Amino acid sequence: MEAEFRHPQRGNALGMLFCALLSAVCAACAWDGEVETELLITLAVLFLAGAGTFAVSACLMRGMRLRVSDGRVEGQTNLHRRFSLPAEQLAYVNEFGDTVILLDADGRRYVFPKMENALLMREEILARLTRDEPSEETAARLWEELPALRRSRLRKILLVAAAALCMFGSVAVGAIGTGDRDFPDMTERDWRITACVAVMFALSLAAMLVLASWAGKDSLQIQRAEWRLRGVIAFLAPLPVENVIAAYVNRSHSERTVFYQAADGVHMHFDRILGDGKLRDEGEYSEAMASREALLEEMGYESVDSFEKDMIRIR
């Protein structure tokens, strides 16, 4: 299955041209001297930086692809990182709107934004991931891992906040140190202070971006641990009824479906697995159906095969 991407290069090209045009207009007005020169120069630089950002984004998005086959997942990310991994080397996959994020067994991330069929690609990859053995020991180990991962993410988020405070604090210190004087009136000491502030701002910004990336990795590891835990619980949790024909859990490990034999046909019973790993009754069809096929038709599935493609049989 191939990922279907939009064409962000077109939007990036238009944004780049628009920002470049605004930058040229600001520079021309500053040259004429009709409006405050410093403000216009600042705006021109900001618009020029925006044009550069759009240009870099267009270059990074060019050639992005993702393909899923029976035994491998391969592609090229938005950072032009090429990879080809066997399914057993993948640890987790998640999607956020139109973005798919892959996590491999070594903790590396692969990001694919602007994808039209992001949810379908996630389901295709989830179907190929290796799952934990359903045992109490596995569940206990995952319960122990989650608090440590959450603490690690919290520390990084606090460091991101500290870096942001340092970044904006350096600007305030620079304004106070230079007396908020205009560029032509600044002394040699003011220029030294401005240079130090610029260096501090750049270092704080870089630290904030790196720490935010690390916190994002921790979030993905947390989501993976929660997904694994829900899967183990789905396998181990007792079935709510007797005379069970079959039981399934979906790829996200968020819902379990149980077919069981009733006196006058077949009912279908739902269990929803919540984020805390507990089970609660979601409901059941009140009217008995003559067959599983009839129940699946009520759910919108064409056949048992199409249902089993989306689900994992556990009993």
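## The chain at a glance

Of the 315 residues in this chain, 37% count as buried. Keep in mind as you browse that the model is predicted. The secondary structure comes to seven helices and eleven strands.

The exposed surface of the chain is about 17,900 Å², and carbon and sulfur atoms supply 59% of it. As for contacts between residues at least 6 apart in sequence, 56% join residues at least 24 apart.

## An aromatic cluster

Let's turn to the rings. Searching the whole structure gives three aromatic pairs. One of them is formed by Phe-83 and Phe-112, with 6.0 Å from centre to centre and 55° between the planes. That angle makes the pair tilted, because the label covers planes that are neither under 30 degrees apart nor over 60.

What does this pair tie together? Phe-83 belongs to strand 3 (residues 82-86) and Phe-112 to strand 6 (residues 109-112), so the pair links parts that are 29 residues apart in sequence. Both Phe-83 and Phe-112 are buried. Together with Tyr-110, these two residues form one aromatic cluster.

## The hairpin of strands 4 and 5

Next comes a hairpin, made by strand 4 and strand 5 with two residues between them. Gly-97 sits in the turn and has a positive phi of about 70°.

The two strands, strand 4 (residues 90-96) and strand 5 (residues 99-104), pair in the antiparallel sense over six bridges. Asn-94, for example, has Ile-101 in strand 5 as its bridge partner. Is strand 4 mostly covered or mostly open? Strand 4 is mostly covered, with five of its seven residues buried.

Notes. Residues are numbered from 1 along each chain as its sequence is written. This is a predicted model: local features need pLDDT of at least 70, side-chain atom pairs count only at pLDDT 80 or more; totals for chains, interfaces and linings use all residues. Side-chain values use heavy atoms; hydrogens and water are left out. Helices (H or I, at least four residues) and strands (E, at least two) are DSSP runs, numbered from the N terminus. Buried means under 20% relative accessible area, exposed over 50%, partly exposed in between (1.4 Å probe, protein chains only). Contact means heavy atoms within 4.5 Å. Accessible areas come from the Shrake-Rupley method with a 1.4 Å probe; for residues, only the protein chains shown count as cover. Rings of Phe, Tyr and Trp (its six-membered ring) pair if their centres lie within 6.5 Å; planes under 30 degrees apart count as stacked, over 60 as edge-to-face and the rest as tilted. Two strands pair if DSSP finds at least two bridges between them.
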